[in-house]
Amino acid sequence: MLKLSERLYSLRKERSLTQEDVAKELEISLRSYCRYEKNEREPTASVLVQMADFYSVTLDYLVGRSEERKA
């Protein structure tokens, strides 16, 4: 999911957060989060929901199915 990795990176940068900040907030390993941003691994559905909630965007926006951030 290339779009997911791009969205994760841009959303994180918009908030001036480090990958470590986000990983701590989501309660996942730093390595896992880094791999999501590099498109080396895909998160589970529950982690996707956590990410969408954390960034206050819809799942469709996060995975690239929509350009609208909010429903």
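Which residues does P43 touch, not counting residues up to four places away in sequence? In this predicted model, the answer is L4, Y36, L48 and M51. P43 itself sits in the loop between α3 and α4. With a relative accessible area of 9%, P43 is buried, because buried means under 20%. Along the chain, P43 and K70 are 27 residues apart, and in space their C-alpha atoms are separated by 21 Å.

Some of the residues touched by P43 lead straight to a pair of packed helices. Two packed helices are described by the angle between their axes and the distance between the axes. For α1 and α4, the angle is about 35 degrees and the axes lie 11 Å apart. This crossing is left-handed. On the α1 side the contact is made by L4, L8, L11 and R12, and on the α4 side by L48, M51 and Y55. Sorted by class, the contact of α1 with α4 has six nonpolar residues, no polar ones and one charged residue. L4, L48 and M51 thus appear in this helix contact and also among the residues that P43 touches.

A second pair of helices can be described in the same terms. Helix α2 covers residues 19-26 and helix α3 covers residues 30-37; their axes come within 9 Å and cross at roughly 115 degrees. Here the crossing is right-handed. From α2, the residues Q19, E20, V22, A23 and L26 take part, and they meet L30, Y33, C34 and E37 of α3. This contact of α2 with α3 is made up of six nonpolar residues, one polar residue and two charged residues.

It is worth looking at α2 from all around. Which of its residues are buried? They are V22, A23 and L26. Because these residues cover an arc of only 100 degrees around the axis, they lie on the same side of α2. The face turned away from that buried side carries the exposed residues K24 and E25. The buried residues of α2 have several partners, packing against α1 (2-14), α3 and α4 (45-55). Just after α2 comes E27, which takes a positive phi of about 60 degrees.

In helix α3, the residue S32 deserves a closer look. Is S32 buried or exposed? At 11% relative accessibility it counts as buried, because the cut-off for buried is under 20%. The side chain of S32 also makes a polar contact, at 3.0 Å, with the side chain of S29.

Two arginines complete the picture, one from α1 and one from the segment after α5 (59-63). R7, the one in helix α1, has a relative accessible area of 6% and is therefore buried. Leaving aside residues up to four places away in sequence, R7 touches Y61, L62, G64, S66 and E67. R65, in the segment after α5, has 68% relative accessibility and so counts as exposed, the cut-off being over 50%. The C-alpha atoms of R65 and E37 are separated by 17 Å, and the two residues are 28 residues apart along the chain. E37 has been met before, as one of the α3 residues in the contact with α2.

Definitions and conventions. Residues are numbered from 1 along each chain as its sequence is written. This is a predicted model: local features need pLDDT of at least 70, side-chain atom pairs count only at pLDDT 80 or more; totals for chains, interfaces and linings use all residues. Side-chain values use heavy atoms; hydrogens and water are left out. Axes are lines fitted to C-alpha atoms, for helices over the stretch in contact, and angles run from 0 to 180 degrees between N-to-C directions. Helices (H or I, at least four residues) and strands (E, at least two) are DSSP runs, numbered from the N terminus. A crossing is left-handed if the near helix is turned anticlockwise from the far one by less than a right angle, and right-handed if clockwise. Contact means heavy atoms within 4.5 Å. Ala, Val, Leu, Ile, Met, Phe, Trp, Tyr, Cys and Pro count as nonpolar, Asp, Glu, Lys and Arg as charged, and the others, Gly among them, as polar. Buried means under 20% relative accessible area, exposed over 50%, partly exposed in between (1.4 Å probe, protein chains only). A polar contact is a pair of N or O atoms within 3.5 Å; within protein, one must be able to donate a hydrogen and the other to accept it, and residues adjacent in sequence count only if both atoms are side-chain atoms. The arc is that of the directions from the helix axis to the C-beta atoms.
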